[in-house]
Amino acid sequence: MCGKPSVLEGLCANCYNDGHPLIEVSTPLTLLACKKCGSIKLADGWRKIAGDGIHPDDVADYQIELLVERSIKILGKDVQISLEDERKLDRVTHTIMTISGRSHESLAPHDEEYSVEIRFRYGTCETCGMMSGGYYEAILQVRADGRGLTDDEKTAVTHTVTDTTVARYKSDDKAFITNTIDDKYGIDFYIGSENLCKYLADEFEMQYLAERKDNYKLVGEDKTGKRKYRTTILIRLPRFTVGDFVKVDGNPCEIVAMGRNMLTSYDLKRRERFSINPRSPRWRTLEFLAPRSSRREFMITTYTYGQPVQIMDSISFEILDVEQSVFESEIAAGEKIYALQLEDELYILPHQNQLKE
Ligand SMILES: [Zn+2]
Ligand SMILES: [Zn+2]
């Protein structure tokens, strides 16, 4: 074409490159962004940018990058793209793209420059739209058996709900909480995604050894006549928590640890630790006995080897004698201990550090 010696298909390298561009891109490109969260609309749906760690000042550049990446068609080999804003107006940005690559394997790499106009449009993404409309598919109710939720439980449950929702937001468009009701009975979470609600329910059921009830309520029909249900999952935490006293197989026990489908207790009669899970036959014998607050504090007043140990109630100053054999670890006069009084029996509680082992 130009008269220089040919290297490929009867053309010189320049003429070959001219006829074989490295990329194809159209201009102008429209960038539709959510004004609330910055997500951008791509051919296959909304692309979230929250959680990508982008500084607010760099959001527009990042949005352009994502859009351009998806809008160009790569034709050459070893193609690399770099973008540079040429002119920024209110809703229009002119971007210069420098493309490096080879138009054919046998040719040396070269650069090409393209000027692309990006037109910004703003709207509301599906997720923000559903959130502001109060959309929810499921309600997760967290309660406790025969008592209100403690503040610690409320905090822990809320943390788990928040962390899980944030973690799943990227992959689940409906991973959001539209409403939370916190009252003396417990907490209700109104959750956009039924999947998320079920996942959380599984977690709490396992973590707290909780009872669970799934309810489906018919809320109407969609346009095609298909019935629509709303899910409510009730998670009821047990009456007891770590430090409380329960009966297992009729024996008084102190709860040492709870979680991951496992309840670990210390049998005060047999003086030993054991674990049960909700599928164990012994689980059915489990009953609440007394809260942690019902234990009594004593001080060891006199301790002589081979003699009964004398202890004094820290509140009533009542002095009692107990057998030395009930103490598992070394004791010394002046030491603080705890015991549980049940009818005529006084059970010395094991040391907390002993229980954690
Ligand atoms: Zn030529
Ligand atoms: Zn949005």
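A search through the whole of this structure turns up 2 cavities of 30 Å³ or more. Keep in mind that this is a predicted model. Besides those enclosed spaces there's a largest pocket of about 350 Å³, plus a zinc ion (ligand 2) held by four cysteines: Cys 34, Cys 37, Cys 125 and Cys 128. Here's a quick tour.

**The cavities**

- The largest cavity comes in at about 70 Å³.
- Its lining takes in 12 residues, and the ones nearest the centre are Phe 327, Glu 328, Ser 329, Leu 349 and His 351.
- Sort the lining of the largest cavity by class and you get 7 nonpolar, 3 polar and 2 charged residues.
- The second largest cavity holds about 30 Å³ of space.
- Around the second largest cavity sit Ser 39, Trp 46, Lys 48, Cys 125, Glu 126, Thr 127 and Asp 173.
- That lining splits into 2 nonpolar, 2 polar and 3 charged residues.

**The zinc site**

- Cys 125 also turns up here: besides lining the second largest cavity, Cys 125 is one of the donors of the zinc ion (ligand 2).
- Each of the four cysteines offers its SG atom, at 2.2 to 2.3 Å from the zinc ion (ligand 2).
- The arrangement counts as tetrahedral because the 4 donor atoms subtend angles of 105 to 112°, and the cut-off for that label is that all angles lie between 85 and 135 degrees.
- Along the chain, the donors follow the spacing C-x2-C-x87-C-x2-C.
- Cys 37 and Cys 125 link distant parts of the chain, as they are 88 residues apart.
- Cys 37 sits in the loop between strand S2 (29–34) and strand S3 (40–42), while Cys 125 belongs to the loop between strand S8 (110–123) and helix H3 (126–132).
- With a relative accessible area of 3%, Cys 125 counts as buried, because that label covers anything under 20%.

**The largest pocket**

- The largest pocket, at about 350 Å³, is lined by 19 residues.
- Nearest its centre you'll find Leu 209, Ala 210, Glu 211, Pro 238 and Trp 283.
- Helix H5 (194–208), strand S13 (227–237) and strand S18 (287–290) each chip in at least two lining residues.
- H5 gives the largest share of that lining, with 3 residues.
- By class, the lining of the largest pocket has 10 nonpolar and 8 charged residues, with 1 polar residue alongside.

Terms used. Residues are numbered from 1 along each chain as its sequence is written. Chains are lettered from A and ligands numbered from 1 in the order in which they are written. This is a predicted model: local features need pLDDT of at least 70, side-chain atom pairs count only at pLDDT 80 or more; totals for chains, interfaces and linings use all residues. Side-chain values use heavy atoms; hydrogens and water are left out. On a 1 Å grid over the protein atoms alone, a cavity is a set of points where a 1.4 Å probe fits but cannot get out, and a pocket is an open set with protein on both sides within 12 Å along at least five of seven lines; lining residues have an atom within 4 Å of a point. Grid points are joined across faces, edges and corners, and a volume is the space filled by probe spheres set on the points. Ala, Val, Leu, Ile, Met, Phe, Trp, Tyr, Cys and Pro count as nonpolar, Asp, Glu, Lys and Arg as charged, and the others, Gly among them, as polar. Donors are N, O and S atoms within 2.8 Å of the metal (3.2 Å for Na, K and Ca); water is not among the atoms, so sites may look incomplete. Four donors count as tetrahedral if all angles lie between 85 and 135 degrees; four count as square planar and six as octahedral if opposite donors are over 155 degrees apart and all others between 65 and 115; anything else is irregular. Helices (H or I, at least four residues) and strands (E, at least two) are DSSP runs, numbered from the N terminus. Buried means under 20% relative accessible area, exposed over 50%, partly exposed in between (1.4 Å probe, protein chains only).
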